[in-house]
Amino acid sequence: MKDTLFVNIGRLAGILPKGVRKLCGHEMDKVESLDNAWLLVRGGKIDSFGQMPCPNYIASGFQTEDLSGKMLLPAFCDAHTHIVYAGDRRQEFVDKINGLSYEEIAKRGGGILNSADLLHNTSEDDLYEQASQRLEEMMTNGTLSMEIKSGYGLRTEDELKMLRVIRRLKENYPVTIKSTFLGAHAVGREYAGRQQEYVDLVCREMIPAVAAENLADFVDVFCDAGFFTVEQTDRILKTGTEYGLRPKIHANELAVSGGVQVGVKYNAVSVDHLERTTDVEMEVLRNSDTMPLMLPGASFFLGMPYGRAKDYVKAGLPVALASDCNPGSSPSCDMRFVMALGCIKMRLTPQESFNACTINAAAAMGCADIAGSVTIGKKAAFIVTKNVMELGFIPYFHHTPFIDRVIS
Ligand code: NIG
Ligand code: FE
């Protein structure tokens, strides 16, 4: 964006000092703000900010925009999405309404495998168009940093197709995107009954091919009942790490899977889902650099328990929230809805939920140095609100439009 001086900001919220990479426990219940502020964006980054009036030596040199008393917030960060997919799974939506569970649909060969079939028959250009629309929806809803996964390919060429689409999104949109290789999302149809051979394929062919084209930042595995075991996950994370991919995994969605432990063992940037966890997982995470990330949109859509976010916060741990946007378990990319579920269903305060959707979410995808707060030197990525001055109104009146526009 052009260098711009924003003046008459009614409230500048989400301010953090330089160097804060995440908020833990009681620190999460605070969102620092400054009323009646100015903020200068220079070279696409936050250069400086302060209370009005803006000093003359700054005010004289830059194009100025008057925000007329509106609130300026750091944009949402969504650290777990599957927005590159083809078509939809409308029949499964009806099957679920009629009583089939996510696992039953998967066992019948539907679910992720349905998406893999659709993706196989979709060209890279078409896939890009479909994903772009979702990305634009995310931007409109205030998300300007996001992680996007592969995992609907399940064949080397199709996994690469997905990751190339993510690369094109990175090139063409003014947002921060992190890319995750999730070849071990399910066992591809051709490998039905030969799971070990599929894991071989992931380790021997897919990971080297992904690394050769430098297509991913992270490696992910769906470590859960009916999907990949702890031993298989261990092997995939070890291989990924050798190829320079940091782990970031799906764990404990369907069962207490051991996924948290294996994720922490390989210093995962985050372990995601956590709908089913005991105090043991909490202790494992306490002494780690791994962010616990929960996905309340999946709990909402599949009728699963919600992650124990409040217990984590009470125990002094950090928590991040994300949308999990995908056609099977969480067909919404709206982080405001995620923030509202964080409050209403997980009993986080609005401040805790906001921090879980911004700074801690940025940490959960390794970009807390450039995103997730109003901090000098971070990328300019903001939400300008309509006349909402109270952060708590965002999750409280959770369907009233609150975004005037986004800035990036
Ligand atoms: O995070 N749990 C595994 N993967 C996705 C669902 C993917 C799908 O059903 O398409 C998730 O919920
Ligand atoms: Fe997911």
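In the predicted model, a polar side-chain atom of Y102 lies 2.5 Å from an oxygen atom of ligand 1. The side chain of Y152 has an N or O atom 2.6 Å from an oxygen atom of ligand 1, and for an N or O atom in the side chain of H273 the distance to a ligand oxygen is 2.8 Å. Taken alone, ligand 1 exposes 320 Å², of which the protein buries 100% (accessible areas by the Shrake-Rupley method with a 1.4 Å probe).

Ligand 1 is surrounded by 15 residues (each with a heavy atom within 4 Å of the ligand). The closest are Y102, Y152, H185, E253 and S329. By class, this shell holds four nonpolar, eight polar and three charged residues.

The iron ion (ligand 2) has as protein donors H80 (NE2), H82 (NE2), H250 (NE2) and D324 (OD), at 2.1 to 2.4 Å (donors are N, O and S atoms within 2.8 Å of the metal, or 3.2 Å for Na, K and Ca; water is not among the atoms, so sites may look incomplete). Their spacing in sequence is H-x1-H-x167-H-x73-D. H250 belongs to strand β11 (residues 249-251) and D324 to the loop between β14 (320-321) and α13 (335-344), so this pair ties together parts that are 74 residues apart in sequence (helices, H or I, of at least four residues and strands, E, of at least two are DSSP runs, numbered from the N terminus).

Residues are numbered from 1 along each chain as its sequence is written, chains are lettered from A and ligands numbered from 1 in the order in which they are written. For this predicted model, local features need pLDDT of at least 70, side-chain atom pairs count only at pLDDT 80 or more, and totals for chains, interfaces and linings use all residues, while side-chain values use heavy atoms, with hydrogens and water left out.

Definitions and conventions:
Polar contact = N/O pair within 3.5 Å; in protein donor to acceptor, adjacent residues only side chain to side chain. Nonpolar A, V, L, I, M, F, W, Y, C, P; charged D, E, K, R; others polar.
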